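User: I would like to go through this model with you, starting with a local detail and moving outwards. Please keep the answers brief.

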Amino acid sequence: MRRRDRSQSFDYDVVIVGAGMVGAALALQLSAQTSLTICLLERASMLPDSAAPNQRVVALGQQAHKVLSELEVFQLLGESHAFPYQSMYVWDAASHGELQFAADDVNEPQLGFMVDALRCNYLLQQQCIADPNIECRFDTRLNAIENTAQVARLDMDQGHMRARLVVAADGANSWVRRQARIFTNQLDYQQSGIVTRIVSEKPHQACAWQRFLETGPVAFLPLAENQCSIVWSVDSSELTSLMQLSDEAFADRLASSIEYRLGALQLLDPRQAFKLRSQRADRYFEQRVVLIGDAAHSIHPLAGQGVNLGLHDVVCLSRVLSSVAKEDIATAATLERYQHRRKPANEQVDRAMSMLRTAYQPGPAIWHTLRGTGMNLISRSPLMRRLLVRQALGV
Ligand SMILES: Cc1cc2nc3c(=O)[nH]c(=O)nc-3n(C[C@H](O)[C@H](O)[C@H](O)COP(=O)(O)OP(=O)(O)OC[C@H]3O[C@@H](n4cnc5c(N)ncnc54)[C@H](O)[C@@H]3O)c2cc1C
């Protein structure tokens, strides 16, 4: 059904709430591809310019790399903030199974990049600020959203604004999603991810190392200067004791978790812990509110796919919005096209991650043997390796 909004006056065609990587990328993409008026609204202050690498690292695949390059952000990162990795080595603590992929398997120069998330987010925000088509409002607190067929009205401490379309890019705990009464299905993994940065005694060889332990996977993501970003998934019951260890004792536990393959380790940052859960919105739009990124879906970081999926949402939504007249950007027909393309795709990745996680839960010895044999068979088959890498990278 087509909404008649010609009688309304709007302050902006699109208001994007949340200037994280996904929201800021959408603002830039819409500015490049449409003549829509855009406001990017962020609760926090603008990110500071810090050149020092930090522990929030995301693994970006080829598609995400392409999007960020087209937005002229990737080029500004440099090797200290975007490190190309060539291979991946996965092995199982409970069996003899191991799996190895390399960029050569798919004739690519690299499998992807380990990117400093804060630096990348900072650069995206700076591009938005410099873009004359985007009005950026930081330090802005939303109090209410009235979301009707006629208009979306956003009330702030500083007044109100009227928008044709509101994009919720405000992360996993999306306030906008709750205002729109879109519900989520949640799966609490009863686990936390510990992240930090280390430097290792032995070279990482531009390889992403991941070992499945009984308590969950531990991943070493290679960075410049022989550093790695760590994501260690642990049971909630184990978290407190690991967080309370001294830096030296924790570094030794970490080194032993991957059988000292990288030698002795030294911590470079304080440890941070995140609760791990999977969350899916039951629909991606309601009237004039549409969800993207973690506001629509958050998945286990096991696959490092969160930002990658969010950037796919960005590409899809901007394509859909650029193909219709501005009066139609918030119709059910338009938003249904976006939902139809992205919701099943995001949920498929989420299901695959949950299945992978279940497959690596402790089980009977026979299951561990089968699992190890399966990994080794895949690793020995060039065809299977290629299929798996292509699937993972979307190339
Ligand atoms: C341990 C861990 C490791 C991960 N590793 C990877 C990885 O290797 N690769 C990968 O692709 N992904 C990874 N992820 C996932 C990734 O971090 C997220 O998918 C990504 O940050 C989501 O981006 P986003 O912009 O949608 O949301 P966010 O990054 O959460 O940004 C939301 C923005 O909205 C703002 N905001 C919130 N509420 C409001 C409001 N009411 N009004 C205005 N603004 C608001 C926030 O301040 C923030 O700026 C990992 C996640 C975890 C927890």
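User: Which residue follows α2, and what is the sign of its phi?
Analyst: The residue is E72, and its phi is positive, near 60°. Please bear in mind that this is a predicted model.

User: Staying with α2, which of its residues are buried?
Analyst: Q62, A64, H65, V67 and L68 are the buried residues of α2.

User: Which residues line the second largest pocket?
Analyst: Its lining consists of Q29, Q33, Q63, A64, K66, V67, E70, N308, L311, H312, V315 and R319. Two or more of the lining residues come from each of α1 (21-33), α2 (62-70) and α7 (306-322).

User: What is the volume of that pocket, and how does its lining divide by residue type?
Analyst: The volume of the second largest pocket is about 170 Å³. Its lining comprises four nonpolar, five polar and three charged residues.

User: Changing topic: how many salt bridges does the structure hold?
Analyst: There are 14 salt bridges in the structure.

User: Which residue pairs with R164, and at what distance?
Analyst: R164 forms a salt bridge with D13, with the closest N and O atoms 2.7 Å apart. R164 belongs to strand β11 (residues 159-168) and D13 to strand β1 (residues 12-17), so this pair ties together parts that lie 151 residues apart in sequence.

User: Are those two buried or exposed, and why?
Analyst: R164 counts as buried because its relative accessibility is 8%. D13 counts as buried as well, because its relative accessibility is 4%. The cut-off for buried is under 20% relative accessible area.

User: What does D269 pair with?
Analyst: D269 meets R197 in a salt bridge, at 2.7 Å from N to O. This pair also links distant parts of the chain, 72 residues apart: D269 sits in the loop between β16 (265-267) and β17 (272-281), and R197 in strand β12 (residues 184-200).

User: And why do D269 and R197 count as buried?
Analyst: D269 is buried because its relative accessible area is 12%, and R197 because its relative accessibility is 8%.

User: Where do K343 and E347 lie?
Analyst: Both are in helix α8 (residues 332-359), four residues apart, which is about one turn of the helix. Their side chains meet in a salt bridge of 3.2 Å, N to O, and both K343 and E347 are buried.

User: Which residues are joined into one network by salt bridges that share partners?
Analyst: R211, E259 and R261 are joined in that way.

User: Let us turn to the nonpolar interior. How many residues has the largest nonpolar core, and which have the most contacts inside it?
Analyst: That core has 76 residues, and those with the most contacts inside it are V15, I16, V115, L124, L154, V167 and I292. In soluble globular proteins, nonpolar side chains tend to be buried together.

User: What does V115 touch?
Analyst: Leaving aside residues up to four places away in sequence, V115 touches R56, V57, V58, L60, F74, L77, H81, A82 and C120. Another core, of 23 residues, lies apart from the largest one, and C207, L213, W232 and V234 are among its members.

User: Finally, the whole chain: how many helices and strands are there, and what share of residues is buried?
Analyst: The chain has 10 helices and 20 strands, and 54% of its 395 residues count as buried. Of the contacts between residues at least 6 apart in sequence, 74% join residues at least 24 apart.

Key
Residues numbered from 1 in each chain as written. Predicted model: local features only at pLDDT ≥ 70, side-chain atom pairs only at ≥ 80, totals over all residues. Heavy atoms only, no water. 1 Å grid on protein atoms, 1.4 Å probe; cavity = no way out; pocket = protein on both sides within 12 Å on 5 of 7 lines; lining within 4 Å. Points joined across faces, edges and corners; volume = space filled by probe spheres on them. Nonpolar A, V, L, I, M, F, W, Y, C, P; charged D, E, K, R; others polar. Salt bridge = Lys/Arg side-chain N within 4 Å of Asp/Glu carboxyl O. Buried < 20%, exposed > 50% of the residue type's maximum accessible area, 1.4 Å probe, protein only. Core = buried A, V, L, I, M, F, W, Y, C linked by side-chain atoms within 4.5 Å. Contact = heavy atoms within 4.5 Å.
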